[in-house]
Amino acid sequence: MQAAEQARDIATILQGEGERAALQRLVRLQPFDRAEVLARLEPAERLRLVRAMPTPLAAETLEYLEPELQYRILDHLDEPLAAALLQAMSSDTVVDLLLALHPLQAARLKAWLPPAYRERIDTLMTFPEDTAGSLATIEYIAAREGWMVQQALDHVRKVGHDAEVVSYVYVVDARGRLVRVASLRELILADPRAPLADVGRADVIAVRATAAREEAARLLTRYDFVALPVVDDQNRLLGIITVDDIIDVIHREATEDIQRLGGSVPLAESYFKTPVPVLFRKRVGWLLTLFVAGAYTSTVLRHFEDLLSRVVGLTFFIPLLIGTGGNTGSQTVSTLVRALAVGEVAFRDLGRVLAREVATGALLGAAMAVAAYIRALTLGVGPQLGPVVAVTALFIVVWASMVAAILPLLLHRLRVDPAVVSGPFISTLVDGTGLFLYFTVARVMLHLP
């Protein structure tokens, strides 16, 4: 059932049978679905159900709402209940909420947090949005390196219900530096009297709080962790990043890359939440840039105007050849942008990548040359133009493969998102140079002055 229909049903139950019946219907839903239903209810109905829900259930549901709606709900609740809900929410969600609010609103909410918790939240809020530290949550299980295994297990039982993940126990020294990590399985199977220093691994895979989010995603996916510890420059444990947060990062990065590859600035909000004027601003810059760049194609045509007037048949193949070059470049760019995003290639692999793409382009170009020659024969433009079109198709495909192989790696080296080398950008770039190749080949092969 769609969220809108569920919201209407629950609103009807709330008005007729009361809060208890509506709540019974609501709690059977998954947290994300509960949040969608709450978002679609009237404000008064929404507040009635939040007040009626157990605090842990209400906090879990609020985490899936947008920060603006989270604040609106908390602001209209009694302060003790609102403070309890805020403290029950995961710390990374609280950080996102506070950063999205006006400073005065954020200060009001932070006043509801215990001093020690508020201090750690303030630390997480100092990290920029695109860093690993901004994703960290402080709901993890830490143990002292001098403990025994039994002490660590007792600690898990004591604080585990508040932790985001109980799969790992992070072992820290007296200064809070991360020295080991042990899985819950390793602890359960170990001798309870064994020192914690003998369990787990000392070569801990962690990410710096100042590292890019993509680095955290790369480490989590490479090692198949459920969570990844986040440390500062002194290797002190600041928090953990859970796999569900990384999935959100991967989803967001993939969305941005797709939008850039389409020749548009990425949207900050979802499609339907983005106003038409914003859509205009996101797209018009690239369109104007591509329009100016595309003017080069007109310049090339004007330069070879005399050649076209002598051999009119050359014009028949202009759309075919520049389209082939643009399509080849788009294929190569999309492949390499994705390979760069997942860490499969780097700038140091430029030589290998270029060799592979030239070889692939030569094979593709040979296939397109045969197809172009056959097309020339079917158009009946004469036996002389067939070889010209075939040779040009080969050159253009190889050239497009080379350009599309070099640019993403070069931009990545310059710390620019390689997705900006979008399909439209490559097509525009290859169009002009492809036409120049076409007319040059025609002039040489047809022995024209």
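**Exercise 1.** Which class, buried, exposed or partly exposed, does Arg236 fall into at 37% relative accessibility? Classify its salt-bridge partner Asp232 as well.

Solution. The model is a predicted one. Step 1: buried requires under 20% relative accessible area, and exposed requires over 50%. Step 2: Arg236 has 37% relative accessibility, so Arg236 counts as partly exposed. Step 3: Asp232 has a relative accessible area of 13% and is therefore buried. Step 4: the side chains of these two residues meet in a salt bridge with an N to O distance of 2.7 Å.

**Exercise 2.** Describe the salt bridge between Asp154 and Arg157.

Solution. Step 1: the N to O distance is 3.0 Å. Step 2: both residues belong to helix 11, where they are three residues apart, about one turn of the helix. Step 3: Asp154, at 39%, is partly exposed, while Arg157, at 59%, is exposed.

**Exercise 3.** Place strand 2 (residues 168-172) among its neighbours and state how covered it is.

Solution. Step 1: strand 1 (residues 142-144) runs parallel to strand 2, and three bridges join them; Ala142 stands opposite Tyr170. Step 2: strand 1, helix 11 and strand 2 form a right-handed β-α-β unit. Step 3: strand 3 (residues 178-183) runs antiparallel to strand 2 and is joined to it by five bridges, with Ser183 as the bridge partner of Tyr168. Step 4: the hairpin of strands 2 and 3 has five residues between the strands, and Gly176 takes a positive phi near 80° there. Step 5: side chains in a regular strand alternate between the two faces of the sheet. Step 6: in strand 2, Tyr168, Tyr170 and Val172 lie on one side, Val169 and Val171 on the other, and all are buried.

Key
Residues are numbered from 1 along each chain as its sequence is written. This is a predicted model: local features need pLDDT of at least 70, side-chain atom pairs count only at pLDDT 80 or more; totals for chains, interfaces and linings use all residues. Side-chain values use heavy atoms; hydrogens and water are left out. Buried means under 20% relative accessible area, exposed over 50%, partly exposed in between (1.4 Å probe, protein chains only). Helices (H or I, at least four residues) and strands (E, at least two) are DSSP runs, numbered from the N terminus. Two strands pair if DSSP finds at least two bridges between them. A crossover is right-handed if, with the strands pointing away from the viewer, the path from the first strand over the helix to the second runs clockwise. A salt bridge is a side-chain nitrogen of Lys or Arg within 4 Å of a carboxyl oxygen of Asp or Glu.
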